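Q: Please go through this predicted model and set each label against the value behind it.

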Amino acid sequence: TYVLLNHDITTRENVKIDMEDRGYNFGDGIYEVIPVYNTKTMAMEEHLNRFEESALKLEIQLPYDKETLKQLLEELKTKNNITNGIIYVQMTRGVSPRAHLYERNAVGLITGFSREMPFPVEQKQTGIRAYVTEDIRWLRCDIKTINLLGNTMVKRKATDHTCQEGIMHRNGTMTEGSSSNLFIVKDKLIYTHPVTNLILNGITRQIVLKLAKENGYKVVEEAFTLQQLSNADEAFITSTTQEVTPVTKVVGDIETDIPVGSITKALQQLFAEHVK
Ligand code: PDD
């Protein structure tokens, strides 16, 4: 299998990362996970736009333009013969003697891989258990940084409670999942957290909202509370890897059972057609 290292599609043995890479020392870097359906990348442009935005927010310079990155990622996917799966790409601020202060607009170090990954067929039908807990992350969740300890700690806790995802709240206001966006449906209205510094504006989120609006569903981009979650008619998460997955049981700071609802199913259907 092949991997991406800056300008080169190469093999993994050829990748040597310096122990003073700022990604390694500080988690100083960004990433994207891009889906591949039936050998074709989906929403590549949207993912690379967000990658560029994250880079801009952190003042890291891409080593080449977006079009070049796109071509390299396509080549990586093709060379690895990916049918259904993901492309992972990350960029760190690169190597410098360890010090908190970063130089503005240092040229980043890019690595990437691609692999087959089955999309969650069963979970999409039956739904998942979600563990709801406090959002302990920082206040720039809009940046898709590789610094993910707040997310990984929640995921660990969720798994310890036999849940497949952790969903988070700040003082009772729901934000998002550890690696997904969160939605509820109440009285036929679809609610999800607005685009602020407190969530990552998921590409799947954006696609689902667009599909919902185009098909006559009413969308409310307003934050909802733990209380509203516990009274929801439907709940689901979205992400590149989870697509549209129903949440059928919530445990943790509140406990509730939620059926797989008709709007969730309709959105799953619309999403499936969209990626076909
Ligand atoms: N995670 N929120 C968070 C915190 C995420 O990490 C992700 C994605 C999303 C959904 O974004 P998108 O629809 O663009 O995939 C929301 C990726 C899949 C990951 O870290 O593996």
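Q: Which element gives the most to the shell around the ligand?
A: Helix H6 does, with 3 residues. H6 and S15 each supply at least two residues of that shell.

Q: What makes residues count as near the ligand, and which come nearest?
A: The C-beta atom has to lie within 6 Å of the ligand. There are 15 residues around the ligand, and Leu-200, Gly-202, Ile-203, Thr-204 and Thr-240 come nearest. By class, the shell holds 3 nonpolar, 10 polar and 2 charged residues.

Q: Why is Thr-238 called buried?
A: The cut-off is 20 or more other C-beta atoms within 10 Å. Thr-238 has 25, so Thr-238 is buried. This residue is found in strand S15, which covers residues 234–239.

Q: What does Thr-238 touch beyond residues up to four places away in sequence?
A: Contact requires C-beta atoms within 7 Å. Thr-238 touches Ser-180, Asn-181, Phe-183, Gly-202, Thr-204, Arg-205, Val-208, Glu-243 and Val-244. For Arg-205, 33 residues apart from Thr-238 along the chain, the C-alpha atoms are separated by 6.1 Å.

Q: How do you know that the span of H6 is close to the expected one?
A: H6 runs over residues 203–214 and has 12 residues. At 1.5 Å a residue 16 Å is expected, and H6 reaches 17 Å from its first C-alpha to its last.

Q: Which residues of H6 are buried, and what follows the helix?
A: The buried ones are Ile-203, Thr-204, Arg-205, Ile-207, Val-208, Leu-209 and Ala-212. H6 is followed by Gly-216, with a positive phi near 85 degrees.

Key
Residues numbered from 1 in each chain as written. Predicted model: local features only at pLDDT ≥ 70, side-chain atom pairs only at ≥ 80, totals over all residues. Helix = DSSP H or I, 4+ residues; strand = E, 2+ residues; numbered from the N terminus. Buried ≥ 20, exposed ≤ 12 C-beta atoms within 10 Å, placed from the backbone. Contact = placed C-beta atoms within 7 Å. Expected span 1.5 Å × (residues − 1). Nonpolar A, V, L, I, M, F, W, Y, C, P; charged D, E, K, R; others polar.
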